[in-house]
Structures are given as structure tokens and as C-alpha cells.
Amino acid sequence: MTVDSVEEDHSPDADITFTKADLREVVPHDNDPIVISLVTTGKKVHRVLVDQGSSTDVKFWPTFNKLHLSLDHLRSYAGCLYGFAGDQVEVRGYIELRTTFADGTVARTEKIKYLVVNAPSAYNILLGRPMLNRLGPVPSTRHMKLKLPSMEGVAITIKSDQKEVRRCYENNLKQQRSVSHVTSTPPPGVDERRSEVLKVMWRWRKSGAGVLRGGPSRS
């Protein structure tokens, strides 16, 4: 795993709170995750899972291709990921992209380093602790929202798309996949020299047409 240099924190700050008003329009749910949309490379990407249990930010290979990103921008990554069954998940490298979070009133754009993984997933992007710790957003599954401070110190409120959450869940059921845990620590019987831990949570499914929606300016 690469280790970034420690820099002085100049990130914006804002008072982030959740009130009863944030519960309006929230459909009653059984522990739904937060799934949002964001803009990267000039395109709106749906099915972005906010996962506090992940130690990396992930972009899946089908998403990389549908965004028409150049392989020249992909930097090598020496780590390995493994599934429960001991199968190795292919890591194509990592890429740093400008990513915009917006709520229709205010927006914030930051560079995020994504690990590009060639694996089936119900999601296009997975946002983990690196983004959460660096940008200072606060997710609330009760309120189905992600709030983060803008550069002006105003809270940006992004609603979770509960319809997309249902679609992802249904796709998982169709593929008869369960929630999987992927780690860079080799399972029993696999080369023990690969010891650095990297945990990623996602729901598996085969990728197909329609992973990214919309035309040239929207995915």
C-alpha cells in the first residue's frame, strides 16, 4: 500500500447537524446503505456507495471504461486483493480524478485517488475512509443523507438515492450473490508474504449494459 505524505490540514469546516426536517421524504427502510451520485470527468455517475468499512476508495473497471478514461492515466499498484474463497481480485492500478459533490445549490470539487478494480459489482464507485477522513463528510443512514462542508463553510447535503439502493439489492439477488469481504491479507493456503491489510466491502454482481446511465454528459 502506498503511504501519502502527511500535510497540514487546510480543509474547510462547517457545523454539520441532522434534524427532523432531514427525515422528510425518507422512505422507511431496513438498514439501507447510502448510495449517492457525483460528477467526475464531466459526467454524472450514479450508484456510488458510501462505505465507512472500506479502507480505500474504489472505482470498478466497467465504470473506468464507460467514462472513457485513458490507460495512460492509470498508475501501477503493487498490492493484491483476495475474496473469501481465496480468489484473487484483479487490481488494474489507481487513478486520481477531480470529483465534484453538489446539492444543486453549492458544490465542492476535490481530487480523489481511486483504486481501479476489475471485479463485478452492483456499484460504480465505492467511497471509503480516505475520502471520509480527508473531506470531512458525515453520513447518516437514518436520515439517508451525506453532508460535507463546502469551501465556503456551508454544509452540502446529498440525498441517498433509495431507488438505486433497491435496484442494487435486486441485482444482487438475481445473481445470487451475497455481501463479500475483500482483503489484501491472503486467506489460508495463499502466499503469506502478502500481509498488508486492505478491506473493501461491496455487493457483488455481474456487470452489464446500463451500469452507467445517460448520454455524453451523464453516466
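Contact here means heavy atoms within 4.5 Å. The model is predicted.

**Exercise 1.** Find which residues touch the most other members of the largest nonpolar core, then list the contacts of Leu-127.

*Solution.* Start with the core, which has 28 residues. Ile-36, Ile-95, Phe-101 and Leu-127 touch the most other members. Next, take Leu-127 and set aside its neighbours within four places in sequence. Leu-127 is then in contact with Ile-36, Leu-38, Val-48, Leu-49, Val-50, Asp-51, Asp-57, Phe-101, Ile-112 and Tyr-114. A second, separate core has 16 residues, including Tyr-77, Leu-115, Leu-126 and Cys-168.

**Exercise 2.** Decide whether Glu-110 is buried or exposed, and find its side-chain polar partner.

*Solution.* Locate Glu-110 in strand 6, residues 107–118. Its relative accessible area is 17%. Buried means under 20%, so Glu-110 is buried. Its side chain makes a polar contact of 3.1 Å with that of Arg-108.

**Exercise 3.** Compare the salt bridges Asp-22 to Lys-147 and Lys-159 to Glu-25 by separation along the chain and by exposure.

*Solution.* Take Asp-22 and Lys-147 to begin: their side chains meet in a salt bridge, 3.1 Å from N to O. Asp-22 lies in the segment before strand 1, Lys-147 in strand 9, and they are 125 residues apart. Asp-22 is buried at 10% relative accessibility, and Lys-147 is buried at 7%.

Now take Lys-159 and Glu-25. Their closest N and O atoms are 3.1 Å apart. Lys-159 sits in strand 10 and Glu-25 in the segment before strand 1, 134 residues apart. Both Lys-159 and Glu-25 are exposed.

Notes. Residues are numbered from 1 along each chain as its sequence is written. This is a predicted model: local features need pLDDT of at least 70, side-chain atom pairs count only at pLDDT 80 or more; totals for chains, interfaces and linings use all residues. Side-chain values use heavy atoms; hydrogens and water are left out. A nonpolar core is a set of buried Ala, Val, Leu, Ile, Met, Phe, Trp, Tyr and Cys residues joined through side-chain atoms within 4.5 Å. Buried means under 20% relative accessible area, exposed over 50%, partly exposed in between (1.4 Å probe, protein chains only). Helices (H or I, at least four residues) and strands (E, at least two) are DSSP runs, numbered from the N terminus. A polar contact is a pair of N or O atoms within 3.5 Å; within protein, one must be able to donate a hydrogen and the other to accept it, and residues adjacent in sequence count only if both atoms are side-chain atoms. A salt bridge is a side-chain nitrogen of Lys or Arg within 4 Å of a carboxyl oxygen of Asp or Glu.
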